Amino acid sequence: MKRIGLLGCGAIGTEIALAIDSGKISAKLTHIYDFSKNASAMLANKLQNKPQITENVSLLATAPVDLIVEAASQDAVRDNALSILQNRKDLMIMSVGALVDESIFDVILDGCMDFNKQVYLPSGAIIGLDGIRSVKDEIESVILVTTKNPKALKGAIFFETSKIDLDSIKEATTIYEGSAQEAVKLFPANVNVAALLSLAGIGSQKTRVKIIADPSTDKNIHEIQTQGKFGRFSIKVENIPSESNPKTSRLAILSAIECLRKICGSDIQLGT
Ligand SMILES: NC(=O)c1ccc[n+]([C@@H]2O[C@H](COP(=O)([O-])OP(=O)(O)OC[C@H]3O[C@@H](n4cnc5c(N)ncnc54)[C@H](O)[C@@H]3O)[C@@H](O)[C@H]2O)c1
């Protein structure tokens with residue numbers, strides 16, 4: 001059985017830990033770390049099989065585990081991904097927005113090759129990445145249309161310079177169109193979906209992003225439209241937010257669990 005270490009004990013980390021504890025994922029959760037001691041203690045309390053809470057992230061990176069699951073933050077990826085790989089651990093990354101920065105992407109890729117380790121990026125809050133990957137050499141255009149309630153868009157860096165007043169929006173309104181590379185900087189809350197799409201397809205400069213504020217929705221809706229020599233397809237996901245962290249979609253949690261189940265299982269592998 002694979003031994004798992006967990007970095008980040010919030011909404012995603014907790015659900016992953018519970019899935020391991022219940023036997024849904026065939027693995028052992030042996031070590032956990034969160035810079036909030038309260039978060040790691042609360043998680044350990046919920047588990048039948050108690051993991052060790054490490055004092056710091058270095059002790060997690062050097063612990064006797066096979067794979068570390070990052071479910072913390074982009075900073076946690078930037079600061080620790082290389083040292084985790086150097087310590088000969090595979091790594092599953094949830095905060096994939098960190099990889100849009102090409103220098104971080106290159107460091108992680110080099111780490112995989114230098115230390116012969118795997119990095120896993122679950123599909124998260126979208127579906128269809130298998131299809132995007134398959135057709136990437138034939139894609140002519142790909143666009144992500146994200147629709148959210150104006151409340152879910154509040155606080156984005158975009159509004160520091162834009163004249164748009166979210167409170168005055170009464171019907172579905174396009175508030176932004178641009179490249180995924182720019183969108184992830186202006187709308188960090190959408191960073192993971194746009195980043196995954198860019199990494200699977202034709203890169204963050206060519207991937208287009210459109211953001212719609214719609215006061216009539218309570219879901220995080222992501223629609224991907226792509227076309228090229230292969231034909232065309234569109235994918236629409238209407239996500240219900242997680243109860244413990246409304247910024248995180250329920251699908252992202254389920255996708256992380258399924259990805260880990262696949263990595264840890266002796267199984268028939270389904271899909272691309
Ligand atoms: N790939 C996807 O589709 C997808 C979807 C949703 C969320 N995410 C990302 O996954 C990550 C976790 O999401 P969540 O909903 O569980 O968040 P959360 O806020 O519920 O939990 C994050 C936990 O990590 C801890 N943490 C943050 N930075 C840390 C660090 N540097 N070192 C140690 N602990 C740290 C926090 O204290 C918190 O307990 C976020 O970065 C989020 O953006 C990815």
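**Contacts and a pocket**

Reader: What makes the pair formed by A125 and the ligand a polar contact?

Author: A backbone N or O atom of A125 sits 3.2 Å from an oxygen atom of the ligand. A polar contact is a pair of N or O atoms within 3.5 Å, so the A125 pair counts as one. Keep in mind that this is a predicted model, where local features need pLDDT of at least 70 and side-chain atom pairs pLDDT 80 or more, while totals for chains, interfaces and linings use all residues. Residues are numbered from 1 along each chain as its sequence is written, and side-chain values use heavy atoms, leaving out hydrogens and water.

Reader: Which distances make S95 and N192 polar contacts too?

Author: For S95, a polar side-chain atom is 2.6 Å from a ligand oxygen. For N192, a side-chain N or O atom is 3.0 Å from a ligand oxygen.

Reader: Why is the second largest pocket called a pocket?

Author: On a 1 Å grid over the protein atoms alone, a pocket is an open set of points with protein on both sides within 12 Å along at least five of seven lines. This one holds about 1100 Å³ of space (the volume filled by probe spheres set on the points). Its lining, meaning residues with an atom within 4 Å of a point, has 36 residues, with L121, P122, S123, R133 and C259 nearest its centre.

Reader: How do you know where the second largest pocket lies relative to domain 1 and domain 2?

Author: Domain 1 (2-124 + 251-264) and domain 2 (129-242) both give residues to its lining, so it lies between them. The bounds come from an automatic or database domain assignment.

Notes
A polar contact is a pair of N or O atoms within 3.5 Å; within protein, one must be able to donate a hydrogen and the other to accept it, and residues adjacent in sequence count only if both atoms are side-chain atoms. On a 1 Å grid over the protein atoms alone, a cavity is a set of points where a 1.4 Å probe fits but cannot get out, and a pocket is an open set with protein on both sides within 12 Å along at least five of seven lines; lining residues have an atom within 4 Å of a point.
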